[in-house]
Amino acid sequence: IYNIISTLSNYYESQSGYPELFHNIVTNMALTNIHNSIDISKQIVSHHKSVYNLIVNKCQDIISNRQPLQWRIQETESIQTLPPRYVIDYKMNKQTIGGSNGLINKQVNDSIKSNQQLKQLQKQFKRENKATVRELRRDGQFINQLQYQENINKKSELQQERWNKFKWLEEQQAEVNTYVKKLKGTLKGGGSTSNKIKTKRMKR
């Protein structure tokens, strides 16, 4: 325990509150009647005395070197106050803002102008963005109409070509039919059946 107390004493010896920190320890060590006890060795008694004297001496040195409480030497400076500037029946409008009345300083005027310019740029950006989107939409509609018209033209061309082929086939079929009708009377069956020999049936 004495080793712990001596270590703490060395650690806090530079603090101005050293006497208050070790007040209870010193009081308890002073009240301890260690000299009259028979069971305690002389070495512990000497260690007790040395630690006690060390703490007491340090407390006395710190207390003697303390400066007493005193008032501040330097006086505090109060903040300078100025009379307020105001206009009776003041109304906020564009003429009073940044005017010659001196109500708003230059920085505020610059910030107001920058905000106005920013708003104008934002409005201009919105207008141009809407116009661009509108033009793109019109271009898309025009392209869609062109593609639709091309598809219709291709379909009509294919259909016309198909009709022309059908018409040609019908004309060819009609010519074949007329030719067959003209030659219908002259054509006769040929082959082995044309000169058949008539045979008589044998009666049974």
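This briefing walks through the helices, core, salt bridges and ring pairs of the structure above. It is a predicted model, in which local features need pLDDT of at least 70 and side-chain atom pairs count only at pLDDT 80 or more, while totals for chains, interfaces and linings use all residues. Residues are numbered from 1 along each chain as its sequence is written, and side-chain values use heavy atoms, with hydrogens and water left out. A good residue to keep an eye on is Lys 58, a buried lysine in helix H4 that pairs with Glu 13 in a salt bridge.

**Helix H1**

- Helix H1 covers residues 2–11; helices (H or I, at least four residues) and strands (E, at least two) are DSSP runs, numbered from the N terminus.
- Tyr 2, Ile 5, Ser 6 and Ser 9 are the buried ones in H1, where buried means under 20% relative accessible area, exposed means over 50% and partly exposed is in between (1.4 Å probe, protein chains only).
- These residues sit on the same side of H1, because they cover an arc of only 95 degrees around the axis; the arc is that of the directions from the helix axis to the C-beta atoms.
- As background, an α-helix has 3.6 residues a turn, so residues three or four places apart point the same way.
- On the face turned away from that buried side, H1 carries the exposed residues Asn 3, Ile 4, Thr 7 and Tyr 11.
- The buried residues of H1 pack against H2, helix H3 (23–31) and H4, with contact meaning heavy atoms within 4.5 Å.

**Helix H4**

- H4 runs over residues 42–65.
- Its length checks out: at 1.5 Å a residue, the 24 residues of H4 should span 34 Å, and the end C-alpha atoms are 35 Å apart, which agrees. The expected span is 1.5 Å times one less than the number of residues.
- Val 45, His 48, Val 51, Ile 55, Lys 58, Cys 59 and Ile 62 are the buried residues of H4.
- The cover over those buried residues includes H1, H2 and H3.

**Nonpolar core**

- Ten residues make up the largest nonpolar core: Tyr 2, Ile 5, Tyr 18, Phe 22, Val 26, Met 29, Val 51, Ile 55, Cys 59 and Ile 62. Such a core is a set of buried Ala, Val, Leu, Ile, Met, Phe, Trp, Tyr and Cys residues joined through side-chain atoms within 4.5 Å.
- H1, H3 and H4 each supply at least two residues of this core, and the largest share, four residues, comes from H4.
- Met 29, one of the core residues, touches Tyr 2, His 48, Val 51 and Tyr 52, leaving aside residues up to four places away in sequence.

**Salt bridges**

- The count comes to four salt bridges, each being a side-chain nitrogen of Lys or Arg within 4 Å of a carboxyl oxygen of Asp or Glu.
- Glu 13 and Lys 58 are one such pair, at 2.9 Å from N to O. They link distant parts of the chain, 45 residues apart: Glu 13 is in the loop between H1 and helix H2 (18–21), Lys 58 in H4.
- The two partners differ in exposure class: Lys 58 counts as buried at 15% relative accessibility, whereas Glu 13 is partly exposed at 40%.
- Leaving aside residues up to four places away in sequence, Lys 58 touches Ser 9, Asn 10, Glu 13 and Tyr 18.
- Arg 66 and Glu 20 also meet at 2.9 Å, N to O. Arg 66 lies in the loop between H4 and helix H5 (106–182) and Glu 20 in H2, so this pair ties together parts that are 46 residues apart in sequence.
- Arg 66 counts as partly exposed, at 36% relative accessibility.
- Glu 135 and Arg 138 form a salt bridge at 3.7 Å, N to O. They are three residues apart in H5, which means about one helical turn separates them.
- Glu 135, at 41% relative accessibility, is partly exposed, and so is Arg 138, at 49%.

**Aromatic pairs**

- The whole structure has two aromatic pairs. Rings of Phe, Tyr and Trp (its six-membered ring) pair if their centres lie within 6.5 Å; planes under 30 degrees apart count as stacked, over 60 as edge-to-face and the rest as tilted.
- Tyr 11 and Tyr 12 are edge-to-face, at 4.9 Å centre to centre with 90 degrees between the planes.
- Tyr 11 is exposed at 60% relative accessibility, and Tyr 12 is partly exposed at 32%.
- Tyr 18 and Phe 22 form a tilted pair, because their centres are 4.5 Å apart and their planes are at 35 degrees.
- Both Tyr 18 and Phe 22 are buried.
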